[in-house]
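This report introduces the structure shown below to a reader who has not met it before. Confidence, cysteines, strands and selected residues are treated in turn.

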Amino acid sequence: MIQLLVMIVMAVFLFTCNASARSISLTIEDLFQQVEVDNTEIRIACNEREVAFMRERAEKDCWLPDIGLMLEEDYLGNAYVLDRDLGGGSRSPMTHWGNSLSISVYQPIYTGGELTARVARADAQYRIADNNVELIKIRMKMTVVKLYLELAKNLNLLGVYDENIRITCGLIDEMKARASQGLVLANDVTRYELNLSNLKYDRLAVVNSISNLNYSLVSYLQMNDTDTIVPAIDFDRINFSAMPLPEWRKLSRAESPVLKYYEFQWNLLKSSVKLFKSDRLPKIGIGAAASLSAPITTHTPVLDKNLGKWYVGLKISFTPSAFYKSTHKIQAATLERDHLIDSYKGSEEEIDRNLDRAYRNYIEAIEHVWTQRKNVDLASENYRIVERRYGSDLSLLTDMLDASASKLDAEMRLVNARVDVLYYYFQLKYISGVI
């Protein structure tokens, strides 16, 4: 009975695992849409961008007037009246319950550029956060498309191994039959069995690689571990750009998030310098206030009455110490600005080098495709010739199998060459910031 229950539980478990496993066909467009929606790093960057946006809104609110309202209720103890030599004191009874109500308004008019600089700095920080989202997006897109194309290559290689194993198994069976008739040496059979063993070992390595690549992809896409991704690449629907290298460089100057980062950092530094300099300028604002309080304790004896007061005035404040306290802050910002210029130039040079290398690989991959197409044509023609000769008993079975293996290998190399073209094309787009 216990064994039956165990078997039922195992059967239910296996059925549940099989039911939860999915085979998902994804195009590159689907891959990019999925990673933008579900990737954790992109969601974190989007949240940081939302925080920066709200901070910018908060800085803009500083232009609004400051309004203060205070309501106070107090218990007042009896006062003591003392002589100047602190002797001869006497108690002065007074009203014990006091209250106060006040309202104040302050509107900044001129802040020496402080509020403008704070808003500009918050805006630069928001743009840096927004640029960081784009930077992470293109980095994640390049990461998943690289895994995706490697997965496509390995699946293609797996198909070649499976076909070669099938052909080799058929060859071994036929050679064993001929060996029993004394037409083939046993050593020849052993040689092909060794070849079959090597093929199965190499196939296992490819299967493990496919498993690792698939797990990495579903992890980035926030899918289930049991999901299997099937690349759906339609090379005919992909519009490969024919732009020359100078055009790619020009595109990178306009679109690269790496270079845009330095632009926004420059704006951030510029607003920080303005903020430091604003400390040296006067601040002007209009203030108004009204209050109602009781009792009146400034009168002796204390009057149990309400005292109402109000005022309207112009407030001017100035901090002379800012002239020597902000000097080093401004100098540090200036040095950081010079460092930013050097970093920008260094990034430009690095992008140019990467574009040059990727473009050369891209052109080489295109030429490789043309070469592999010719090889496929030659291998197919060779296969047809050998097949015709084999049908006329003019060639050996091994010649037929070698021709078939050569044809499969040429077709595999053509697919891999087209995948390489796709990879280097997306690498060009990634470096330029337009993937």
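A disulfide is a pair of cysteine sulfur atoms within 2.5 Å. By that criterion, a search of the whole structure finds zero disulfides. The model is a predicted one.

**Confidence**

The chain has a mean pLDDT of 85, and 92% of its residues reach 70 or more. Residues 1-19 are an exception to this level, with pLDDT below 50. In the model, this stretch has zero contacts beyond near neighbours in sequence. Where pLDDT is low, the predicted coordinates should not be read in detail.

**Accessibility of selected residues**

The table lists two cysteines and one serine with their relative accessible areas.

| Residue | Relative accessible area | Class |
|---|---|---|
| Cys46 | 23% | partly exposed |
| Cys62 | 24% | partly exposed |
| Ser100 | 16% | buried |

Buried means under 20% relative accessible area, and partly exposed lies between that value and 50%. Ser100 is therefore classed as buried, at 16%. Cys46, at 23%, is therefore classed as partly exposed, and Cys62, at 24%, is likewise partly exposed.

**The four-stranded sheet**

Strands of a sheet pair through backbone hydrogen bonds, either parallel or antiparallel. Here, four strands make up an open sheet, in the order S2-S5-S7-S8, with antiparallel pairing. Its edges are strand S2 (66-75) and strand S8 (307-317), each of which pairs on one side only. From one strand to the next, the twist averages 15°.

Strand S7 (residues 283-294) is joined to S8 by eleven bridges in the antiparallel sense. Within this pairing, Ala290 has Trp310 in S8 as its bridge partner.

Ser100 belongs to strand S5 (residues 97-110). Which residues does Ser100 contact, leaving aside its neighbours within four places in sequence? They are Met70, Leu71, Glu72, Leu292 and Ser293.

**The parallel pair S1 and S6**

Strand S1 (residues 23-26) and S6 run parallel and are joined by four bridges. Ser25 stands opposite Val230 in S6.

In a regular strand the side chains alternate between the two faces of the sheet. Strand S6 (residues 228-231) shows such alternation. Ile229 and Pro231 point to one face and are buried, whereas Thr228 and Val230 point to the other face and are not buried. Val230, the residue opposite Ser25, is thus among the side chains of S6 that are not buried.

Methods
Residues numbered from 1 in each chain as written. Predicted model: local features only at pLDDT ≥ 70, side-chain atom pairs only at ≥ 80, totals over all residues. Heavy atoms only, no water. Buried < 20%, exposed > 50% of the residue type's maximum accessible area, 1.4 Å probe, protein only. Helix = DSSP H or I, 4+ residues; strand = E, 2+ residues; numbered from the N terminus. Pairing = 2+ DSSP bridges. Axes fitted to C-alpha atoms, helices over the stretch in contact; angles between N-to-C directions. pLDDT = per-residue confidence, 0-100. Contact = heavy atoms within 4.5 Å.
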